[in-house]
Amino acid sequence: MSSSRETQWVRTGAVGQILEGRGANSYANRCKLVRLVGAVGILLLCASISGSKYSFVTATPDNLLSLNHNDNHTPSPRIPLVPQEPASHSQDIYTRAVEFLVNKRTRLQQQQKLHRQLLQQYKEHHITHPGVSVSVKVHDNNAHYSMLSLRSSSSLNNNSSPNVEEHFEMDDDNEKSNYLPRKRADDRSKVHHEPDDGKGGLLRKEMEIDELTHQVVDATLNQTSTRLTSTGDGGDSRSTSTREDSGRSLDGVSSIFSRFSSVLDLSRVVREIETSVMSSVSCSACKAGVSLLNHYVQSGRRNSEIAAAAIKLCINLKMQTPRVCTGIVDIYVDEIVEVLKGVVLDSNDICALVIGETCGVPVSPNWRWDVAFPPIPKPPFHGFPEPKKGAPKLKVLQISDTHWDPYYEPGSNADCGEPLCCRVTSGPKPPRPHLGAGLWGDYRKCDTPRNTMESMFEHISKVHSDIDYIIWTGDIPAHDVWNQTHDTNLKMIRETVDLFSQYFPYVPIFPALGNHEAAPVNGFAPPWVTDPKFSIDWLYKELQNDWSRWLPDTTQTTIREGAFYSTLIKPGFKLISLNMNYCNNKNWWLLVNSTDPVDELKWLIFELQSSELLGEKVHIIGHIPPGHADCMATWSTNYYDIISRYEGTVAAQFFGHTHYDEMEIFYPKEDPYRAASIAYIGPSVTPYFNLNPGYRIYYVDGDYPMSTRSVVDHDTWVTDLGEANRVRARQLTWYKLYSAREAYGLSSLNPLQWDELVMSMYENKPLFNLYYRFYNKNSPVAPECDAECKARLLCDIRSGRSHDREELCKPRPPHIRISRGGLAEPKPPSKLSQIFSLISSAFSSLFGYITYPFG
């Protein structure tokens, strides 16, 4: 990082604003800076006295985090794409990643080594199963690397357990990889003890899926190649093979697709993807999908051939309508192919990253990285201070997930079988008007019409004319992801920004970036992706321009580089906006290298450490909640550790993305039963789907000396969409659904109170039902919540760290209680145990007194 860039990064946040004399009280800020310099001076003095354990450096993000303690704590370096040697702080991880991607031979050697290790594990595993034999052949000089056959000696549909022979062929000097073993060594016990499912158990099911995968590849690639050749589209020598060799009868192909779909239970997979509640069904589908993609990419075909094969597969499996299949594949094909060329992981690790803990834990060391903290001890925790009675409050509006659809059409088909309906293009209108899309929106898979957006903004501007500022937590475009382009998304962003400015011309607005703003959706390429075709620069440039109307110039550098920033709301009160798309497990570029893209977490530590030294309080906003299943486990773990370290500085967190009204609680690692921080997840404006539109008002401890800046209360406002559509209302009626303190009977909204409330919900059914009604924004079409649903939702609240539910949601030991101040402490002993303790102490003292004279 150049010195000029370091200077820009320092000037981005509160420290930069102090240096420039900005803010309402620049003299007071400069006094704080003097105290900061004094604190650093004391630190350096202590370092020199103790033997120079710390080195004097310039105050930049890189250098602040490289103050390493040589005795006990050396922060783990970020791991490069292929960790052949430890990375030092002076090395640029992204430069190394680019060099590795360019060096094809190095990548192939790494792949071969990994595949040989996994194949050996696979062989050893099969040897432990009676009736299974494996033969492995290794060829040194072949031009490709593939599995030639995986055939059962008897029908895979037979309920008996056949003797299975598997044949593998490997090369040492290969250029392609078509097969990756699907079982790691640490999965053996699970496979061995898994009950038989009627088709030979999980092992036989995986073999069947693999067999079908090969057949599907043949059915799509070969037929597609023949079609492309016959229509004059060209192709290599493999695409000119005869129809007798590569083609199949129409009935045979349909049978393969039908069998493949039934084995993977794709309808259930679609439901699980929509709800982000994954099971082993989605895990199996993910592994099959990754294998298919690898087959396509490593087949040597052109992207147009791969796209044609993928479209054929999507349509024949009835995954979506033909136009959605075509649109999605055309948008993603180039990006997916490019990503898979750089990935050195097998399907197990890829699916563990994308699906989460249901698919296990990634074993590759590339995915285990830790951010480094400065060697400044964490201040002791003294409980949650209560705001002063009668103190002023700030009124804050949160708008999230607007998903405004400019093509919404009342009366259109609202049940079209696509990811987004309620448009003229959604198919024939229903025979009766009341069955079509509603005037103000629809509970089915439809987004927000403009009249609903304008109604909400007009209502807020009149009823809440006293709001102090707005936090806008992302997701602007509609869910028609197969249609979107750079231009269409930029148009939506500009028009929504103009709408905010029209209704709130004098209110400060602090935006955060959603995952739907990219085209293709979730496609946020890190800086080391230099191909302009995949760069996200087009979006960040637009955000820099649009957000500049609300944000100071000191935020421009990091917005341009990574769409995140920090700024002072008031003196002593900072807001940090994060780009959560670099934790998004649907951002395929992170499969190549997920190590703190654009150094965002390193920057976050720098900002929080600066605020801690200055005595500032911080609010963090973002889109994807850090504990949500869509956030990668390693990124989430690092963020969780950051919040734990700076719990005294971070007063509140605000996210969106889920469309529900919920929250996440954070517990520090050193005290896992003490709630330390809350992440509020605001309701969506879009009704997508089965929801009422809504927004959130927060009341924050306001401007006075030693303000806690904590959330004192919050109100959720909604409109009854079903009633408005039924009577064809001329105007929407927005009403306050609930106030948190009133509805739940809380004395405050500190983490302790929320934690006690959640623990009460396990036994108090009416209390949970109340929470569930608010969770769905009082929707009349919300599904019933059974015992499994209840356990999942309560676990969601306790999971501020993603993909670690087994640890975070385990029952709390009965001897642990939480004190009124928020400190976890043992339960007081009973009177009987106290008596025994006194007697024991008396005898110990007497025995010590008697033995003392004798040494």
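These are legends for close-up views of disulfides and one sheet in a predicted model.

**View 1. The disulfide between C283 and C359.** A search of the whole structure turns up eight disulfides, and this view takes one of them, with the sulfur atoms of C283 and C359 sitting 1.9 Å apart. The torsion about the S-S bond is about 135 degrees, so this disulfide counts as right-handed. C283 belongs to helix α12 (residues 280-298), while C359 is in the loop between α15 (347-354) and β4 (393-399), so the pair ties together parts that are 76 residues apart in sequence. Both ends are tucked away: C283 is buried at a relative accessible area of 7%, and C359 is buried at 6%.

**View 2. The disulfide between C422 and C446.** Here the S to S distance is 1.9 Å, and the torsion of 65 degrees about the S-S bond goes with a right-handed link. C422 and C446 each lie in the loop between β5 (408-413) and α16 (450-463), so the bond ties together parts 24 residues apart in sequence. As for exposure, C422 comes out at 0% relative accessibility, which means it is buried; C446 is buried too, with a relative accessible area of 0%.

**View 3. The disulfide between C583 and C631.** The sulfur atoms of this pair are 2.4 Å apart. With -135 degrees about the S-S bond, the link is left-handed. It connects distant parts of the chain: C583 is in the loop between β9 (573-577) and α20 (600-614), and C631 is in the loop between β10 (617-621) and α21 (633-645), 48 residues away. C583 and C631 are both buried.

**View 4. An open sheet of six strands.** Reading across the sheet, the order is β8-β9-β10-β11-β13-β12, and the pairing is mixed. The edges belong to β8 (565-570) and β12 (662-666); each has a single partner strand, so one side of each has no neighbour in the sheet. On average, neighbouring strands are turned by 20 degrees against each other, direction ignored.

**View 5. The pairing of β10 with β11, and a helix on the sheet.** β10 and strand β11 (residues 650-655) run parallel, with four bridges between them. If you want a spot to zoom in on, I620 stands opposite Q653 in β11. Helix α24 (residues 751-761) packs on the sheet, where it touches β12 and β13 (677-681). The direction of α24 makes about 110 degrees with that of β12.

How values were computed:
Residues are numbered from 1 along each chain as its sequence is written. This is a predicted model: local features need pLDDT of at least 70, side-chain atom pairs count only at pLDDT 80 or more; totals for chains, interfaces and linings use all residues. Side-chain values use heavy atoms; hydrogens and water are left out. A disulfide is a pair of cysteine sulfur atoms within 2.5 Å. Helices (H or I, at least four residues) and strands (E, at least two) are DSSP runs, numbered from the N terminus. Buried means under 20% relative accessible area, exposed over 50%, partly exposed in between (1.4 Å probe, protein chains only). Two strands pair if DSSP finds at least two bridges between them. Axes are lines fitted to C-alpha atoms, for helices over the stretch in contact, and angles run from 0 to 180 degrees between N-to-C directions. Contact means heavy atoms within 4.5 Å.
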